[in-house]
Amino acid sequence: MLLCCLCVSTMFLSWLFVSVMSVFHSCSGEHGLLRAYSPGDIIIGGLFPIHLKTNRTTANGPISCSVYDFQMFLRTQVMIYAIREINQHTVRILPNFTIGYDIYDTCADVGLALRATLQLLKNQSDPQRCLLPANINSALPDPQTKVVIGERYSEVSIAVARVLALSSVAQISYGSTSEVLSQKLKFPTFLRTISSDEYQTKAIAELVNRFNWKTVAIVGSDDEYGKYGSDRLGETFRRMDICIEFTDILPSYFFQNDSKSHTRLATLVGKISKSTAEAIIMFTKDSNVDIIMEAAIKFKLNRTWIASDAWSTSPKVSALPGIELAGQVFGFISRRNEVPGFKDYIISMFNSTINDILEDYLVQFPLCSNWSEESRENDCTVPDNQEQSKHCLHPRCLANYIDHDESYNIYLAIQVIVEGLRRLLKCDNQHCKRNTRFTASELLKEIQKVNFTVNSTHIFFDTNGDPSIGYDIVYWHMDISTQRTHIKTIGEYWPNERIKFADDLVQYVANTNVTVYNCSKTCSPGQELKQQSKQCCKDCVPCADGEFSRGNGEECQSCGLEKYSTQQRDECLNKTVEFLYWTDPFIIILSLLEVFGIIVTIVFTILFTVYRRTPIVKAVGGYLCFLELFSLLACFSLTFTFTGRPTKVSCMVGLPFFGIAFSLCISCILANLLQILVGFSFELNKGSWLKKLNQPLAVVTIVSGIQLALCVPWLYYKPPFLDQEILSLTILLQCDKGSTKFFIAMLGYNAFLALICFMFAFKGKQLPDLYKNANLITISMLLFLIIWILFIPIYLNLVGKYKRAIESAAILISSYSILGCHLAPKCYIMLFRKEINNENAITEYIRKHYEQRDMVVVKS
């Protein structure tokens, strides 16, 4: 219901528009438009912008047309020629019927085009009868013109299509490409023999992509063709991540030679000259392009231009003097083909035919009667204006300006109409079953259903009235010898397919590393294309440390944690796994010291076993010395867990077991000190307190048990574990402490025991100890404390694999301090001072000690 109301409203507005136009333009035929008419049983209308400009302004006055378009003149003759061939064909295509034509010059003006359309829609059997019915409820009369070919420009076709739809007259355009015209609810009778801009914009985007251009500028115009085309290009490029530096929509007055248009042109030229765009896409009329390219030549812009089908084969633009200074031009044009026999028709001076449009042309631009081959090169230039039309032009020269795109589209339109008529009139080669009493809507339906081939071109219409005709890709090649531009076909594009052209051309354009606009195209390995200060232009930026790029502007990628990038940032290499190798010189020294410590400890154990019943062994603690030697052997052996590739087991065993072993060692020394102090204490009260502590086994068990109580929870809850530290070039394998609190508690407890031993030993230095146990223990404990005090700041500030070596060295020095200061002197006495390794020597030494202090010695 809503759709029905919309259609009725549209019809009413169109009817109202026609009514107003009918008031100002009578139906008498005095219209003042350039026209070519030929009678026939069936009339085909034609709308062609033979002139490109009018003097239309805001002020009222008579309208005149200017700027004669030679190509458009030739296109009108294509229509006349094609109809003439149909009518004169030996085997009649439409037996007993003649096709006539009614062609108007619209001057590319919407108002004049509508005036011509109204003339076409008159009922020519009664010229005095206008299109307007007696009352609004009556049906519109069916005009004798059943179909119209034209117009070229989308803006004009849109206006014409709305009027033709009132009478259901089919309109077949040869040049209007705007996507808007595909909307059948608005333009139900519009068809075309040229592809829609939907496919042209896709083709342009595909060309930009294939040539690896990353930044473009778009110049459109304020009409249906330029505006919609520019919008569609913008949408497509944004999806393709191609940067649009600017989009400039030219106003409708741009082609006029006045101060406003000059100012606008200067602004556009300034934008282009400062632009870093690699291609300037101009999606606008050739009349606008002509002005822009003249300025591009003047300022030697030397850019890459992409031409839409409106000007890609324009003879006027391509023939501009110095066009090579503007730069190179790529363009798209509807698939080109030659109209059969038309060139010969032109050369034969139009085969002696005549029509009003041809007569008008011959009045302004007469043909040469005497023309020599020698003057061909000099006389083949089409005059730019009527002032230059005094010299003649030979038809052979005029034939050089025949285009093979829109002319062929007009030829296709005639063939489509004839095929529709044959189907409607049910014709064969002998006769037609129907007469010409048919409505325009009947012919429209038959035309919409055509599906046939014309000279290798397969033509049919989809539901939008669009054909499936591809594009030729052209390139403007400057011939140095003749100083003329030749428009060469270099490729093709079919809807929804890829562009096809020579691979060497793609290679040449795509391999350009840096354009003259300082835009990086491809980068060296180790660099990426990155947006910097310019709006669209990307620069080559070196990859950061830990990233790589193989080149061609590829984005920098991370190497990951286990790899590093080379200095050139072009590839990633595996990081070296770093730990304390056995072959390291420092580790070799430590290992030798560890092995030596183990051997010495075993030798000492043997000596202590041999001399276990002697006083010297008893003085060291008796059986406790074997426990002390065992703990030292464990410490020396544990140092090997700090060397080589760390494992889960080596990490767990290292520090916790060292803490237990060393606390066992110190507990034995502490028990020995208590024995010495009790043995030489004569103060009863103090002696009785010390005697209670003089329980060696209990002291060792309790003291080392506390350390065991600290380390077992450490190993159970949060033990040391294997960890790796990711550095710039290496992966450092190391052992994490697990719980820092337990680690500090272990070291702190051992340091506390060492401090207690130091204090007791320092106190016992005054006692008559023949073997100097207290003195030697004082030195060993002092060394232990100094070593670990120095170890802490070094360990905290050191980074790298030698951190574990410092731990190993600290344990070695601690172990050697006890082995060398406490136990080694005892072994020396066992081997080289045997004379003092007896009880008499000890007794004599004690006696002398107390006599020197005037103390009474009780002899047993």
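Helix α7, which spans residues 259-274, packs against helix α8, residues 286-298, at an angle of about 55° in this predicted model, and the two axes are 11 Å apart. The two helices are therefore oblique to each other. If you look at the sense of the crossing, α7 passes α8 in a right-handed manner. Which residues of α7 and α8 meet here? On the α7 side they are Leu265, Leu268 and Val269, and on the α8 side they are Ile291, Ile292 and Ala295. By class, this contact of α7 with α8 has six nonpolar residues, with no polar and no charged ones.

Let us move along the chain to another helix pair. Helix α23 covers residues 740-763 and helix α24 covers residues 773-797. Their axes come within 8 Å and cross at roughly 150°. Why do we call α23 roughly antiparallel to α24? Angles over 145 degrees count as roughly antiparallel, and the crossing angle of α23 and α24 is roughly 150°, so the description follows. The crossing of this pair is left-handed.

The contact between α23 and α24 is worth following residue by residue. From α23 come Leu747, Asn750, Ala751, Ala754, Leu755, Cys757, Phe758, Ala761 and Phe762. Facing them from α24 are Ala774, Ile777, Thr778, Met781, Leu782, Phe784, Leu785 and Trp788. The residues of this contact divide into 15 nonpolar and two polar, with no charged residue.

A third pair brings together helix α17, residues 585-610, and helix α25, residues 802-832. Here the packing angle is about 30° and the axes lie 10 Å apart. That makes α17 roughly parallel to α25. The crossing of α17 and α25 is left-handed, and the residues of their contact comprise 20 nonpolar, three polar and two charged.

Now to the spaces inside the model. How many cavities of 30 Å³ or more does a search of the whole structure find? The search finds four. The largest cavity holds about 130 Å³ of space. Its lining is made of 15 residues, and those nearest the centre of the cavity are Arg152, Tyr153, Gly175, Tyr225 and Ala310. Sorted by class, the lining of the largest cavity has six charged, five nonpolar and four polar residues.

Next, have a look at the backbone. Most residues other than glycine have a negative phi, and most peptide bonds are trans. Against that background, the bond joining glycine 150 and glutamate 151 is a cis peptide bond, with omega about -5°. Glutamate 151 sits in the loop between β6 (145-149) and α4 (154-164). Valine 67 is another place to pause: its phi is positive, about 60°, although this residue is not a glycine. You will find valine 67 in strand β4, residues 65-68.

Finally, follow the chain to serine 728, in the loop between β26 (721-726) and β27 (730-736). Serine 728 and tyrosine 564 are 164 residues apart in sequence, yet their C-alpha atoms are 6.8 Å apart in space. What does serine 728 touch once its neighbours within four places in sequence are left aside? Serine 728 is then in contact with Tyr564 and Lys575.

Conventions:
Residues are numbered from 1 along each chain as its sequence is written. This is a predicted model: local features need pLDDT of at least 70, side-chain atom pairs count only at pLDDT 80 or more; totals for chains, interfaces and linings use all residues. Side-chain values use heavy atoms; hydrogens and water are left out. Axes are lines fitted to C-alpha atoms, for helices over the stretch in contact, and angles run from 0 to 180 degrees between N-to-C directions. Helices (H or I, at least four residues) and strands (E, at least two) are DSSP runs, numbered from the N terminus. Angles under 35 degrees count as roughly parallel, over 145 as roughly antiparallel, 65 to 115 as roughly perpendicular and the rest as oblique. A crossing is left-handed if the near helix is turned anticlockwise from the far one by less than a right angle, and right-handed if clockwise. Contact means heavy atoms within 4.5 Å. Ala, Val, Leu, Ile, Met, Phe, Trp, Tyr, Cys and Pro count as nonpolar, Asp, Glu, Lys and Arg as charged, and the others, Gly among them, as polar. On a 1 Å grid over the protein atoms alone, a cavity is a set of points where a 1.4 Å probe fits but cannot get out, and a pocket is an open set with protein on both sides within 12 Å along at least five of seven lines; lining residues have an atom within 4 Å of a point. Grid points are joined across faces, edges and corners, and a volume is the space filled by probe spheres set on the points.
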